[in-house]
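Welcome! Let us take a walk through this structure together, one piece at a time.

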Amino acid sequence: MSYVLIIHGVHDYAAWKAIFDAAAGARKAAGERRYTLLCDAREPRRVVHFSQWTSIDEARAFFESAELVALRRRAGVESPEFHYLHELEVGTL
């Protein structure tokens with residue numbers, strides 16, 4: 001499995017979330033299969049988007065596209081930090 005971990009600040013969560021939700025079809029078409037949204041316990045405007053993708057190449061192409069760069073700007077995203085990850089192991093305790 002391939003995953004993407006994105007950490008970024010947002011000016012207004014509700015405004016960002018509306019744009020995030022509107023892009024669901026585009027994310028799915030690009031290869032996103034599951035996602036989890038989290039926020040920093042001490043900084044609630046710091047959002048973490050953790051998602052599962054069909055491939056790292058598809059995820060990178062999507063997130064680095066000019067369209068997504070413009071969309072992030074419009075959504076009020078600050079300093080996005082991307083981590084493209086391969087699964088090593090999953091466990092349950």
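In this predicted model, a good place to begin is G9, which stands opposite R46 in strand β3. That pair belongs to a longer match: β1, covering residues 2-10, and β3, covering residues 46-53, run antiparallel to one another and are joined over eight bridges. Elsewhere along these two strands, S2 faces W53 of β3.

Strand β1 has another partner too. It pairs with β4 in the antiparallel sense, again over eight bridges, and here V4 stands opposite Y84 in β4. As a general point, the strands of a sheet pair through backbone hydrogen bonds, either parallel or antiparallel.

Now step back to see the whole sheet. Its four strands follow the order β2-β3-β1-β4, the pairing is antiparallel, and the sheet is open. Because β2 (32-39) and β4 (77-86) each have a single partner strand, they stand at the edges, and one side of each is left without a neighbour in the sheet. From one strand to the next, the twist averages 15°.

Two helices that pack on this sheet come next. Helix α1, residues 13-22, touches β1, β2, β3 and β4, and its direction makes about 180° with that of β2. Helix α3, residues 56-63, touches β1, β3 and β4, with a direction at about 170° to that of β4.

How much of β1 is covered? Eight of its nine residues are buried, so the word for this strand is "mostly". H8 is a residue of β1, and with a relative accessible area of 4% it counts as buried, because the cut-off for that word is under 20%. Beyond its neighbours within four places in sequence, H8 is in contact with W16, R45, R46, V47, V77, E78, S79 and P80.

W16 leads us back to helix α1, where the buried residues are W16, I19 and F20. Seen down the axis of α1, these fall within an arc of 105°, so they line one face of the helix. The spacing makes sense in general terms: an α-helix has 3.6 residues a turn, so residues three or four places apart point the same way. Among the elements covering the buried residues of α1 are β1, α2 (24-30), β2, β3, α4 (66-75) and β4. On the face turned away from the buried side sit the exposed residues A14 and A22.

Finally, look at where α1 starts. D12 caps the N-terminal end of this helix, placing a side-chain oxygen 3.0 Å from the backbone nitrogen of A14.

Technical notes
Residues are numbered from 1 along each chain as its sequence is written. This is a predicted model: local features need pLDDT of at least 70, side-chain atom pairs count only at pLDDT 80 or more; totals for chains, interfaces and linings use all residues. Side-chain values use heavy atoms; hydrogens and water are left out. Two strands pair if DSSP finds at least two bridges between them. Axes are lines fitted to C-alpha atoms, for helices over the stretch in contact, and angles run from 0 to 180 degrees between N-to-C directions. Contact means heavy atoms within 4.5 Å. Buried means under 20% relative accessible area, exposed over 50%, partly exposed in between (1.4 Å probe, protein chains only). The arc is that of the directions from the helix axis to the C-beta atoms. A polar contact is a pair of N or O atoms within 3.5 Å; within protein, one must be able to donate a hydrogen and the other to accept it, and residues adjacent in sequence count only if both atoms are side-chain atoms.
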